[in-house]
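Got your viewer open? Take this tour one selection at a time, and keep the sequence panel handy.

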Amino acid sequence: MATSISATGFKGGFGTSFKGSWGTSIVGEDYAMLVKSVPNHVRVAKPVKLPPMMKNVNEGKGLFAPLVVVTRQIIGKKRFNQLRGKAIALHSQVITEFCKSIGADAKQRQGLIRLAKKNGERLGFLA
């Protein structure tokens, strides 16, 4: 049993909802209405990307935090960071000398330095 296909559908009893021909295109009034409904260009705003801020999560927390914040405002950020760096280096040297005197190895020394940093954060020295 052979089935033939015509432009109106299958001859084997299947109908189609296709009305028209493959050669038609949008012309005239339909095309003009379609062009008016589509915008000429679409503006897409660039996403606003804020620069990453290095901010201490402990700012304002701890017993000494208010004193640290006021000192930073009085002497300026640059000078304050220099003094803080010197104080941290001096404290690390004290910890190192202590470890040498009791015979602690480098791993224990590093653990003490980390503990000192955590305690400084809790007390507000790193605010």
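We'll start with the whole chain and then visit a few spots on it.

**Stop 1: the whole chain.** Before you click on anything, remember that this is a predicted model. Switch on the cartoon view and colour by secondary structure: you should find 4 helices and 2 strands. Follow the chain along its sequence and the pattern goes β-β-α-α-α-α, with the strands coming before the helices. How much of the chain is buried? Buried residues account for 11% of its 127 residues.

**Stop 2: a nonpolar patch.** Now select Val 70, Ile 74, Ile 75 and Leu 83, and turn on the surface. Together these residues make a nonpolar surface patch of about 350 Å². Which helix gives the largest share of this patch? That's helix H2, residues 65-75, which supplies 3 residues. Zoom in on Val 70, which sits in H2. Is Val 70 buried, partly exposed or exposed? Its relative accessibility is 43%, so Val 70 counts as partly exposed, since that class runs between the 20% and 50% cut-offs.

**Stop 3: the largest pocket.** Next, select Ala 87, Ile 88, Gly 120, Phe 125 and Leu 126. Of the 22 residues lining the largest pocket, these lie nearest its centre. The pocket has a volume of about 500 Å³. Which elements give two or more residues to its lining? Colour H2, helix H3 (77-102) and helix H4 (106-123) to see them. H3 gives the most, with 8 residues. If you colour the lining by class, you'll get 14 nonpolar, 5 polar and 3 charged residues.

**Stop 4: a salt bridge in H3.** Stay with H3 and show the side chains of Glu 97 and Lys 100. These two form a salt bridge, and their closest N and O atoms are 3.9 Å apart. Why might such a pair form? Side chains of opposite charge can pair when their charged atoms come close. Both Glu 97 and Lys 100 lie in H3, 3 residues apart, or about one turn of the helix. Lys 100 counts as exposed because its relative accessibility is 60%, and the cut-off for exposed is over 50%. Don't spend ages hunting for others: the count comes to 1 salt bridge.

**Stop 5: across to H4.** Finally, pick Arg 114, which lies in helix H4. With 56% relative accessibility, Arg 114 counts as exposed. Now add Ser 92 and draw a distance between the two C-alpha atoms. How far apart are Arg 114 and Ser 92 in sequence and in space? They are 22 residues apart in sequence, and 9.9 Å apart in space from C-alpha to C-alpha.

How values were computed
Residues numbered from 1 in each chain as written. Predicted model: local features only at pLDDT ≥ 70, side-chain atom pairs only at ≥ 80, totals over all residues. Heavy atoms only, no water. Patch = residues over 30% accessible without salt bridge, like charges linked within 9 Å, V, L, I, M, F, W, Y side chains within 5 Å. Areas by Shrake-Rupley, 256 points an atom, 1.4 Å probe, with all protein chains shown as cover. Salt bridge = Lys/Arg side-chain N within 4 Å of Asp/Glu carboxyl O. Buried < 20%, exposed > 50% of the residue type's maximum accessible area, 1.4 Å probe, protein only. 1 Å grid on protein atoms, 1.4 Å probe; cavity = no way out; pocket = protein on both sides within 12 Å on 5 of 7 lines; lining within 4 Å. Points joined across faces, edges and corners; volume = space filled by probe spheres on them. Nonpolar A, V, L, I, M, F, W, Y, C, P; charged D, E, K, R; others polar.
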